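Reader: I'm new to this and would like to learn how to read a protein model. Could you walk me through one?

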Amino acid sequence: MTELLQREGIPPGFLTATARSLHEVLPGPTLIRCPGEREPALLVTVLQHGNEDTGLLAIQALLREYAGRELPRRLVLFVANVAAARAGVRHLDGQADYNRSWPGTESEPSAETALMDSVMAALADVPLFAAIDVHNNTGSNPHYAAFNVLQRPVVQLARLFSNTMVLFERPRGVMTQAFTGRCPAVVLECGKVGNAAGTEHARAFIDACMNMESVPEDSLGPNEVDLFHTVAQVKVRPEGSFGFGPGAHTLSIDPDIDRHNFQELPSGTALGTLDGHLAEHLLVLDPRGEDVAQRFLVVDGGVLRLRRSVMPSMLTLDERVVRQDCLCYFMERLSEPI
């Protein structure tokens with residue numbers, strides 16, 4: 001089992017460490033508790049994926065800003081996959097994905113699921129104002145907020161980050177699902193690693209949460225936000241030959257495909273080429289976990305096309321990420337009032 005470390009206050013060296021050097025300050029996954037003027041506490045999770053450092057940079061910038069002063073709200077910071085951050089990868093070979101290992105996961109029990117159980121146990125008696133999980137994308141995406149339930153406080157909190165929002169049920173075992181029902185819980189998707197605007201956006205949002213008295217609960221009209229619902233997760237089967245652009249691959253994906261993120265694509269849009277049967281190479285899971293590839297995709301003369309109109313998100317050109325997680329998600333617009 002990976003032991004959960006706990007610290008009271010910011011450890012020396014934390015504010016200047018990089019993701020790759022953080023192991024010199026924190027030898028493993030760590031809960032850091034910082035006192036503040038307000039209760040309940042704000043929970044922030046960073047580095048669930050070791051190569052996504054915007055959350056770490058944002059929280060470091062925020063804490064430097066409040067250096068020498070008491071925080072406006074109590075903060076609980078979970079610094080997650082320190083070992084993967086040292087290596088600059090999403091997760092190490094042999095590790096389960098941290099953000100697929102929280103309660104509700106479909107994964108087998110592992111050191112990572114035991115770790116998340118330890119986090120939940122450590123926070124069991126801690127009243128929480130909100131839970132925020134900070135991430136980056138590997139493909140071109142706008143900054144957006146994501147969440148698991150369509151409830152006014154959750155949507156209002158997400159709206160403070162972006163008018164672009166995504167409601168999702170899959171993947172299972174993510175941090176926000178573990179805290180849904182206990183407090184408003186949102187994912188911040190902050191664009192690509194290395195984008196200073198993403199760091200500042202996340203810092204400003206966390207700062208706003210630290211200073212607000214309560215999350216608004218006003219209803220929102222259908223035209224006040226751009227709200228999308230994830231209807232499918234597109235995965236490449238592990239045994240398939242796959243790559244981007246022309247090459248010796250059975251499945252060849254358009255090498256510029258991430259340009260389609262958050263674009264409403266019509267049926268018939270070409271995504272690449274496939275020399276074989278759809279079901280042997282791609283798995284398309286709906287929110288219930290059923291394979292619905294035939295509902296969304298078709299192979300027409302060797303060209304992989306959309307069978308219906310969808311909006312993709314998280315399309316990536318990183319083959320390692322595709323293998324470890326997925327190629328993308330398909331979304332549809334929700335126009336109902338909240």
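Author: Let's begin with a bit of vocabulary: angles between axes under 35 degrees count as roughly parallel, over 145 as roughly antiparallel, 65 to 115 as roughly perpendicular and the rest as oblique. Also keep in mind that this is a predicted model.

Reader: OK, so which of those words fits α1 and α6?

Author: Helix α1 covers residues 54–65 and helix α6 covers residues 196–211; their axes come within 8 Å and cross at roughly 55°. Angles from 65 to 115 would be roughly perpendicular and those under 35 roughly parallel, with the rest oblique. The two helices, α1 and α6, are therefore oblique.

Reader: And what is the handedness of the crossing of α1 and α6?

Author: That's about which way one helix is turned relative to the other: a clockwise turn of the near helix from the far one, by less than a right angle, counts as right-handed. For α1 and α6, the crossing is right-handed.

Reader: How do the residues of the contact of α1 with α6 divide into nonpolar, polar and charged?

Author: On the α1 side, the contact is made by T54, L57, A58, I59, A61, L62 and E65. On the α6 side, the partners are G198, T199, A202, R203, I206, D207 and M210. Sort the residues of this contact by type and you get 8 nonpolar, 3 polar and 3 charged.

Reader: How far does α6 reach from its first C-alpha to its last?

Author: Helix α6 has 16 residues, and at 1.5 Å a residue the expected reach is 22 Å. The model comes close to that, with a first-to-last C-alpha reach of 23 Å.

Reader: What do the buried residues of α6 pack against?

Author: Start with who is buried: G198, T199, A202, R203, F205, I206, D207, C209 and M210. Those buried residues of α6 pack against both strands and helices. The list is β3, α1, β4, β5, α4 and β8.

Reader: Let's do α1 as well. Which elements cover the buried residues of α1?

Author: Helix α1 has 12 residues and reaches 17 Å, close to the 16 Å expected at 1.5 Å a residue. Its buried residues are T54, G55, L56, A58, I59, Q60, L62 and L63. What covers them includes β3, β4, β5, β8 and α6.

Reader: Which residues does G9 touch, not counting those up to four places away in sequence?

Author: G9 sits in the loop between β1 (5–8) and β2 (30–34). Leaving out residues up to four places away in sequence, the ones G9 touches are I32, R33 and C34.

Reader: A cis peptide bond joins E39 and P40, so where is P40 found?

Author: The bond between E39 and P40 has an omega of about 0°. P40 itself is found in strand β3.

Reader: Another cis peptide bond joins R170 and P171. Where is the place of P171?

Author: Omega for the bond joining R170 and P171 is about 5°. As for P171, its place is in the loop between β7 (164–167) and α5 (175–179).

Reader: Is L47 buried or exposed?

Author: L47 lies in the loop between β3 and α1, and its phi is positive, near 60°, though L47 is a residue other than glycine. Under 20% relative accessible area counts as buried. L47 has 0%, so L47 is buried.

Reader: And F262, buried or exposed?

Author: F262 is in the loop between β11 (251–253) and β12 (270–274), and has a positive phi of about 60° although it is not a glycine. Its relative accessible area is 15%, and the cut-off is under 20%. So F262 is buried.

Conventions
Residues numbered from 1 in each chain as written. Predicted model: local features only at pLDDT ≥ 70, side-chain atom pairs only at ≥ 80, totals over all residues. Heavy atoms only, no water. Axes fitted to C-alpha atoms, helices over the stretch in contact; angles between N-to-C directions. Helix = DSSP H or I, 4+ residues; strand = E, 2+ residues; numbered from the N terminus. Contact = heavy atoms within 4.5 Å. Nonpolar A, V, L, I, M, F, W, Y, C, P; charged D, E, K, R; others polar. Expected span 1.5 Å × (residues − 1). Buried < 20%, exposed > 50% of the residue type's maximum accessible area, 1.4 Å probe, protein only.
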